[in-house]
Structure formats: structure tokens, C-alpha cells
Amino acid sequence: MYNYYPFVNYPFPYAFDEMEPYIDIQTMYLHMTRHLQAYVDNLNRILKPYPQWQRVPLEAMLSDITALPEEIQTPVKNNGGGVYNHRFFFAGMMNSGQQPAGRLSRQIDEQYGGLSNFYVKWKKAAMSVFGSGYAWLVMDGEQNLEIITTANQDTPLAYRLTPVMTIDVWEHAYYLKHKNRRSDYIDDWFRVVNWRRAEALFDEAARSAGD
């Protein structure tokens, strides 16, 4: 029910202080209850006059934004992307000291030569985002992993890529604790990756692709 109009800011399965000491409680609270909520409210306001789009899943709208009425394409891309990206980001964290395993771990080893080498490329991508945006680990149509970046609230869905994990590098994601030190934030965020979720998404995408 959360994936359709009227959208709601659904509760996440952890407390605001769960990511301490890596991501502080105040940042998590404001990020979830203010920033994400604003995108939810804006998206509902935009779609209210368009009942024909209110039963279309969010992912479907973001995957084919040009199918929407022209006057709401950009607002839905920006605000719908804000909802999708933030939900994906928050769901992708768990403060439990996990390491990748299974098929995803093997794919990382094969393509990047291990987790340490992967992280070098991941951090370089996250640092390269100019201004606001995200770095993503995605699976392409050939079932290969790719590290990509998106600006603002753009999503990989528009490029027919399957997201596996993401880091939000908008300043509001880290400024209260890390100030302007994006590099330190990326290091801390990597300590709270929910690798079990990333593995599940990767496995599901591989099965859907016919593997």
C-alpha cells in the first residue's frame, strides 16, 4: 500500500539512534521525518488532480516518466525520486557489522577483485557527485554490477538498471555530524551497509533475468 497514492512515510524497522556512532540520531531523525516527509507530501499534492495515475506504482512512473502528463513529469521525477531514493537509502542500512556473502560477494570479487578494491571505486564515485545526488550499485541487463551516480533525485530506474544499494550524498545526509567531510561520512556509512538486503535484491534481479 505504500507504493501508491496517497503515499505515506512508513516506519523503518530501526530506531533513529540505530546507526550511532556512524550516523547520528539527529541527522537520521531530520532526514526521515523532515526531508523524506516533504517529498511524500509534495508527491501527493502533485498527483491529487490526476486520479488516473494514483494507482500506478511509483517505480512504474519513475521508469517511464515521459508517459505522464507533460506538466507533471519533472515534479514527479523530482519528488517521486525523492521518495524512492530515500526509502531505498534508509532500508539499505543496518548497524550489525555485516560483510557481503553469497552470490553478490562472489560477483564483487570477480568484477572488482575483492571488497577493498570495490570500496575504492565506490568511494571515488560517491566523492565525484557534484553538489547533490547519490552513488549506486546496480545490476545491468547482462547481470553485471555497475557503480553509477545520479544527480539530485534522479533514479537508476529510468536507465533500466536494477538498484542493489545506494548512498545519499546530499549534504543534509551527513552535515550535522560530519560537517563538510563527505569522505569521512562515506567511510562511516560503509560500516552500516545492510548487505543481506543488497544480496537479496541482487539474487532477485538475477532470478528475474532468468539466471
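These are my notebook entries on the pocket, cavity, core and one helix of a predicted model.

**Setup.** I number residues from 1 along each chain as its sequence is written, and side-chain values use heavy atoms, with hydrogens and water left out. As the model is predicted, local features need pLDDT of at least 70 and side-chain atom pairs count only at pLDDT 80 or more, while totals for chains, interfaces and linings use all residues.

**Core.** I looked up the largest nonpolar core (buried Ala, Val, Leu, Ile, Met, Phe, Trp, Tyr and Cys residues joined through side-chain atoms within 4.5 Å). It has 65 residues, and Met93, Trp122, Tyr185 and Trp189 have the most contacts inside it. Helix α1 (residues 25-47) gives the largest share of this core, eight residues. Helices here are DSSP runs of H or I with at least four residues, strands are runs of E with at least two, and both are numbered from the N terminus. I then listed what Trp189 touches (heavy atoms within 4.5 Å). Leaving out residues up to four places away in sequence, its partners are Ile23, Phe89, Met93, Trp122, Met165, Thr166 and Ile167.

**Helix α4.** Which residues of α4 (residues 102-112) are buried (under 20% relative accessible area, 1.4 Å probe, protein chains only; exposed is over 50%)? I found Leu104, Ser105, Gln107, Ile108 and Tyr112. They lie on the same side of α4, because they cover an arc of only 160° around the axis, taken from the directions from the helix axis to the C-beta atoms. The face turned away from the buried side carries the exposed Arg106 and Glu110. The buried residues of α4 pack against α5 (115-128), β1 (133-139), β2 (145-151), β3 and α8. Gly113 follows α4 and has a positive phi, near 75°.

**Cavity.** On a 1 Å grid over the protein atoms alone, a cavity is a set of points where a 1.4 Å probe fits but cannot get out, and lining residues have an atom within 4 Å of a point. I found one cavity of 30 Å³ or more. The largest cavity holds about 50 Å³ of space, a volume being the space filled by probe spheres set on the points. Its lining includes Phe89, Met93, Met165, Thr166 and Trp189. β3 gives the most to this lining, three residues.

**Pocket.** A pocket is an open set with protein on both sides within 12 Å along at least five of seven lines. The largest has a volume of about 330 Å³. Of its 17 lining residues, Glu59, Tyr84, Phe88, Leu157 and Pro163 are closest to its centre. α3 supplies the largest share of the lining, four residues.
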